[in-house]
Every structure is written in C-alpha cells, then in structure tokens.
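Trainee: I am new to this structure. Could we go through it together?
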Amino acid sequence: MAFFDRLKAGLQKTKEALIGQVNTVMSVFRKIDDELFDELEEALILGDVGVTTSTRLVEELRRRARQRGLKNGNELLPLLKELVAERLGDGIAPLNLNEGGLTVILVVGVNGVGKTTTIGKLARHLQEDRGLKVILAAADTFRAAAIDQLKVWGERAGAEVVAGPEGSDPAAVAFDGVKVARERGADVLIVDTAGRLHNKAHLMDELGKIARVLGREVPGAPHETLLVLDATTGQNALQQTKLFRETVPVTGIALTKLDGTAKGGVVVAITDTEQVPVKFIGVGERLDDLQPFDPKQFAEALFAE
Amino acid sequence: MFESLQERLQEAFKRLRGKGKLTESDVNEALREVRLALLEADVNFRVVKSFVNRVKERAIGQEVLETLNPAQMVIKIVYEELVALMGGENVGLNMADRPPTIIMLCGLQGAGKTTHAAKLALKLKKEGKKPLLVAADVYRPAAIKQLEVLGSQVGVPVYSEGDQVSPVDIAARAVEHAAQERRDVIIVDTAGRLTIDDELMAELQQIKERLKPHDTLLVLDAMIGQDAVTTAEHFHGKLGIDGVILTKLDGDTRGGAALSVREVTGRPIKFVGVGEKLDALEPFHPDRMASRILGMGDVLTLIEKAQEQVDRKQAEEMAKKMLKAQFDFEDFLEQLRALQRMGPLQDILKMLPGVGAQLKDINVDEKELKHVEAIILSMTPKERRNPDIINVRRRERIARGSGRPIAEVHRLIKQFEQARKMMKQLGGMEKMMKRGKMPRLPGGGFGGLFGRR
C-alpha cells in the first residue's frame with residue numbers, strides 16, 4: 001500500500017487542518033444538538049467546502065441522523081465521512097485515452113496553479129508507469145520563460161517538447177505538436193497553455209481556438225481536457241470550473257498543492273455542483289508527486305484517525 | 001447562484017432600505033445575509049464572525065434605529081467597518097533613510113512573486129528610482145530566466161548567479177553589486193514555498209537576517225480561500241512581514257483575502273495587481289476598496305487613471321469644447337486613444353458607481369474601439385474637423401478606406417452627433433448646477449451618502 005501511505009502522508013496536513021477541528025468537536029462526549037451541527041458546519045466552511053455545500057451537507061447529516069435515531073455526538077463523524085465521500089463520486093475516474101490513436105490532452109487553468117509542473121509529472125506517469133510515448137507542446141507562448149520551464153520538465157520526464165517562439169500563436173504550436181507527435185509515432189500529446197483568468201473573454205476565445213484546431217487535426221481531440229486547480233483557492237474555484245467549461249469541454253480536474261496547509265475542500269462543492277471528476281492530485285514538488293484521485297481513499301485519508 | 005459580493009450585499013440592504021423604521025430583527029436579518037455574502041467571498045470564518053458582531057453592536061444602538069434613515073445608517077456602519085477592517089488608509093513602501101532600500105518578496109508557489117517584482121521595479125523606475133532586481137529563486141525551473149525577461153521588458157537590470165548558488169549568498173552579493181552600480185532600490189524575488197516547509201522557511205529567515213530588508217512583502221493570490229489566514233499568519237510569525245501585495249484582483253474573485261489578512265497580521269495591503277500588463281499595479285486604498293465592494297464605484301481611482309493619461313490643460317480645453325458642442329472627430333480620436341491607454345474598458349467601467357454589478361455578464365469588445373479608430377482615420381483632416389460635410393459619397397469612401405461596412409460608418413456619425421447634442425445639454429446643466437440646483441443622479445442612494453464624507 002505504498003501509494004496509500006504516500007497519499008496519506010501528503011494529505012496529513014489536510015487531514016490535521018480539516019479533521020483536527022472536526023475531532024475536537026467529536027472527541028468530547030456530547031449530545032446531538034443544534035450547537036454541534038453549527039460547529040460541524042463551521043469546520044466544513046473553514047475547510048473551504050463553501051457555505052452552500054456545507055449547509056447542504058449538514059442538513060443531510062441532520063436528516064440521516066434522525067432517520068437512524070442517532071443519540072451520541074461521536075456517531076456523527078462516520079456519517080459525515082460517508083456523506084463527503086458520496087459527494088466526491090465513486091471510484092477512480094480514469095484518464096480518457098484514445099485507444100489505438102493519438103491521445104490529445106489539453107491542460108488549462110488560471111495563472112499560477114501549477115499547470116506546467118503538473119504536465120511534467122503527468123508525462124512521467126504516462127511514460128514510465130504506463131509505457132506510453134509522450135510529446136509536450138509548449139502553447140504557453142505568453143508568459144516569460146514558460147517555454148523554458150516546460151523544457152526543463154520535459155527533460156526530467158524524458159519527453160520531447162515542441163515549441164515556437166515566445167509570443168507566437170499558441171494554436172499554431174498546438175498544430176505543430178500534433179504534426180510532430182504523428183511523425184514520432186507518439187501515443188499522447190500534452191498541450192500546455194498560458195494561465196488565463198476565466199473572466200477574460202479574449203483569452204478564453206484564444207483557448208477555444210486551440211481546442212478547435214486540435215479537434216480539426218485529430219478526431220475527437222482534445223480527448224482529455226484537464227483543468228488544474230490550486231488547492232489554496234477558495235470558492236472562486238467553482239467559478240473557474242464553470243467558466244472554463246463554457247469554453248472547453250473540461251473532462252477532469254487536477255488538484256495541486258495539497259501538501260500545504262490548504263484544505264482543498266472546494267472540490268467537494270465542485271464535484272457536487274459541476275459534476276466534473278477530480279482525476280489527479282498534486283502532493284509535492286517531486287516528479288512522482290502526482291497521484292490518481294480516489295474519492296474513497298481521499299475521504300478516508302481525510303477523515304482517518 | 002453565483003452573484004458577486006457586491007450584489008449580495010446590495011440585496012441585503014435593499015430590504016432594509018424600503019423600511020422607514022428598523023427593528024432589531026430587521027437588522028439581524030440583514031446581517032445574516034451580510035455574513036453569508038462575506039463567507040461566500042472567502043472572508044475567513046472567524047473574521048466574519050467578529051466583523052458581524054462589531055456591526056451589530058453599533059447598528060442596534062438606539063441612535064441608529066431612531067434616525068430618519070436607519071437603513072443608510074446601517075450601510076454607513078458596514079462601510080466604515082469594512083474600511084477599518086482593511087486598515088483605514090493606504091500605506092506605501094518603507095523606504096530607507098539612506099539608500100539602498102531593500103525590498104524582499106515572499107509567498108506561496110504561483111502567487112505571482114516574479115511578475116510583481118517586475119511590476120514593482122517598473123513603478124519605482126517611473127518614480128525616478130534606480131531599482132535592481134535580484135533572482136533568488138533557484139528552485140523553480142526557468143524562474144531566473146523569467147525574471148531576466150521581465151527585467152528587460154521594464155528596463156531594469158537583473159542580478160543573478162544561476163541556480164547552483166545559495167539564495168542567501170546571491171542576495172548578499174546583490175547588495176554589494178547594487179552599491180557598485182549605484183542602484184538605490186533592491187528587489188529580491190524568492191522561490192515560492194509552503195509555510196510548513198521548515199527548511200525553506202529557514203532559508204527565508206537567513207536571507208532576511210543577512211539583508212535586513214526595509215520592506216518584507218508577502219505576495220498573496222486574491223483567489224485564496226480560508227487558507228489565507230493560515231498562510232499570512234505563518235509567514236508573519238516566522239519571518240515578520242511589513243505588508244502584502246494582493247495579486248490577480250482582475251479576476252472575478254470577491255477578494256475575501258483582502259478583508260482577512262490585515263485583521264490577522266495587523267499588516268497592511270500595500271499594492272494590488274490588477275492585470276497581466278507590467279504597469280497593472282495599483283496602490284491599495286481601503287476606503288476605495290470598500291466602495292467597490294458595496295457597489296459605490298471607485299471614482300477616485302478612475303480620476304487618477306485619467307490624470308495619468310491626459311494632460312490637465314488639454315483636458316480643460318477639451319471639456320470647454322465639449323460643453324460648447326465644438327467637439328470634433330479629432331478630439332474624439334484623441335479621447336479614444338487616451339481611454340485605451342487607461343486599460344481595458346471593462347475595468348474602467350467597473351469603477352463607475354452602480355455599473356459594476358450590472359456589467360458582470362457583458363463583454364466589452366475592445367475590437368470595436370479599433371474599428372471606430374479605423375473609421376475616423378479614414379476621414380480626411382477636413383472631415384474630422386467639420387463632421388457636417390460628410391455626405392453619402394464621402395461615407396462610402398470612408399467605409400472602403402477603413403474596411404468597415406457603410407452601416408457602421410452611418411452609426412458612428414449618428415452616435416457622434418447624438419453625443420454632441422448631449423454634451424450641449426450637459427453644458428446647460430453645468431450652468432444650472434452653478435446656480436445651486438443639483439440634479440439628482442440616477443441610481444443614487446450610496447453616492448449621496450458617501451459623497452459627503
């Protein structure tokens with residue numbers, strides 16, 4: 001269970017932060033009353049789960065506690081675990097691969113969430129763990145030195161990087177990426193894009209164009225559009241998911257920086273309201289610090305004693 | 001479901017406003033909405049709690065409930081408490097009595113340190129300083145290259161020693177280098193780090209001990225959630241910060257972090273980053289921010305922005321012309337360009353009172369401005385100065401010249417004429433105002449109350 005241990009270690013801080021509070025509430029022998037529910041709601045809000053989802057969760061918790069005739073405060077925690085796990089979906093959501101053809105993965109997100117780093121880790125995972133040949137396309141032609149950054153990660157992961165000059169048309173780089181991937185007989189093309197705030201219409205249009213070009217060159221592409229979210233982000237992550245989905249068909253979320261003090265609870269709200277599965281979590285800066293997201297293990301590690 | 005903080009708060013107050021007399025439960029109900037609005041905006045849970053209590057204490061006092069317009073009094077209290085929460089007034093950089101001034105930036109990964117090091121350098125350069133950027137992020141791939149590129153974009157030298165040297169030594173030698181080169185402000189960019197990473201936090205402490213910076217700034221992403229407080233507390237506890245730069249405020253975040261960090265660290269937000277361009281850095285004004293949050297607009301910042309772009313004398317002349325309806329296409333073109341220099345139109349409009357919330361779903365197409373410009377540029381100078389001579393044949397030529405459909409040319413000229421007419425009326429109104437008859441501005445409410453502060 002090396003993976004589980006590592007997941008747990010990475011999530012330790014998350015657990016301590018979120019569950020520390022829940023446990024304080026639970027550890028004392030208490031009766032189930034309004035105050036207890038309020039404190040649970042507070043703990044969820046402090047974990048960035050958000051007011052709306054926290055309120056809903058606690059309402060559901062009340063209902064089920066009543067149904068089951070629970071009397072002791074310490075019976076509520078297992079029930080809350082169950083509820084959160086339910087919200088996170090069932091089972092590991094696999095990466096969408098284009099069996100027998102070139103798979104195109106488009107990676108998008110706002111500035112500074114860790115797109116390029118996640119791509120480096122993902123490339124290593126696909127090449128080493130799954131034996132696929134990966135090509136990277138540096139379509140972040142806007143941010144200074146973004147191309148160099150991707151090249152370093154490409155080298156570390158052993159994947160060739162296709163790049164154009166800084167400031168060039170990102171859709172053209174994506175196009176070249178497809179061409180090179182085909183020439184090299186690669187299995188997967190991962191396209192890095194510039195960070196963009198989701199409320200900037202012209203930048204979102206540019207992203208739409210990249211996706212369209214990919215779709216024109218490879219049928220069904222992008223097969224996977226990963227939205228990278230920073231676990232320190234609060235409720236704005238919901239808005240990010242919503243608006244990116246309006247432009248590109250987001251098929252999965254990569255949640256990064258879960259090894260800090262941030263709680264990442266906003267994914268509970270996201271899977272609940274946007275129905276986009278979390279597929280990966282980033283738990284460190286090493287090349288192998290990207291883990292598949294397993295809702296049950298995530299919830300378990302989150303609530304483990 | 002996802003309205004802005006502004007909208008939520010206005011909704012909460014609208015209910016109060018309809019009432020002549022307020023009961024304690026009216027206030028409580030409104031404050032419950034305020035609480036939810038703040039929580040959804042990612043203001044820290046504990047900060048919200050104490051904030052709402054403070055407002056409640058003041059709002060339920062006798063003098064408020066019995067005033068003539070209790071609703072406005074409550075809004076005023078919220079406004080004042082918001083301003084107080086964010087620290088009252090703008091605080092600038094701590095500058096050394098004897099140069100060089102040393103500024104150190106720190107923060108989590110991806111907060112925007114490198115970009116804001118360059119923005120800060122550009123700002124200082126514009127103020128006549130001679131800054132030096134120091135590349136002390138030796139961990140993130142290509143971080144040094146990024147700073148070097150940004151440095152050349154803003155025309156500020158960058159000191160770097162590659163990524164194989166300890167950041168502590170780089171920073172220390174950079175100070176010597178600055179002395180030789182007579183640079184008077186040193187801005188040190190450090191690697192992003194987690195607050196629980198003891199090793200890297202110790203490295204920051206060492207840099208700080210060696211350099212004794214005059215200003216240690218925490219760079220914080222405005223979209224951060226409840227963790228804002230933990231992050232700020234940890235950086236402050238382990239390092240001692242003097243202020244905060246809040247970045248990415250041009251997103252649609254409701255900026256709850258802005259309301260939390262000052263409360264928990266006692267340190268002010270000094271600057272906010274409002275765009276990807278390197279001049280998109282603004283001083284932080286708590287009172288203006290509170291106005292923006294409450295949907296009262298930020299006319300002061302707007303005026304300052306305009307002043308940066310328009311020469312005062314020119315502006316006065318222009319205003320005179322406008323009011324006399326002598327305004328022509330040449331003036332229009334000049335204004336159009338000044339407007340474009342002020343930044344994205346959408347951001348500018350948001351600063352107008354009452355416009356922000358209404359604008360949230362509308363996209364202002366910057367291209368349209370370009371089209372207008374093209375049409376005007378296809379007019380002869382004579383046509384620009386005497387719009388009245390532009391007949392149908394001239395219009396056809398202008399349409400061909402600018403590559404725009406003729407309907408667009410018609411529309412522009414028509415709008416221009418209407419605008420001229422409106423300005424003439426405004427001219428009349430100005431005289432009226434001078435005689436003491438203030439016309440009521442539409443959508444008032446807030447404006448009337450706070451305009452007199």
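Mentor: We may start where the two chains meet: 14 residue pairs are in polar contact between chain A and chain B, both residues at pLDDT 80 or more. A polar contact is a pair of N or O atoms within 3.5 Å; within protein, one must be able to donate a hydrogen and the other to accept it, and residues adjacent in sequence count only if both atoms are side-chain atoms. This is a predicted model, where local features need pLDDT of at least 70, side-chain atom pairs count only at pLDDT 80 or more, and totals for chains, interfaces and linings use all residues. Residues are numbered from 1 along each chain as its sequence is written, chains are lettered from A and ligands numbered from 1 in the order in which they are written, and side-chain values use heavy atoms, with hydrogens and water left out.

Trainee: How many salt bridges are there between chain A and chain B?
Mentor: There are three, a salt bridge being a side-chain nitrogen of Lys or Arg within 4 Å of a carboxyl oxygen of Asp or Glu. One salt bridge joins the side chains of A:K200 and B:D250, at 2.4 Å from N to O.

Trainee: And how many residues are in contact?
Mentor: In chain A 45 residues are in contact with 37 residues of chain B, where contact means heavy atoms within 4.5 Å.

Trainee: Changing topic, which residues of α2(A) meet α3(A)?
Mentor: They are A:D34, A:F37, A:L40, A:E41, A:L44 and A:I45. Helices are DSSP runs (H or I, at least four residues), numbered from the N terminus.

How values were computed
Helix = DSSP H or I, 4+ residues; strand = E, 2+ residues; numbered from the N terminus.
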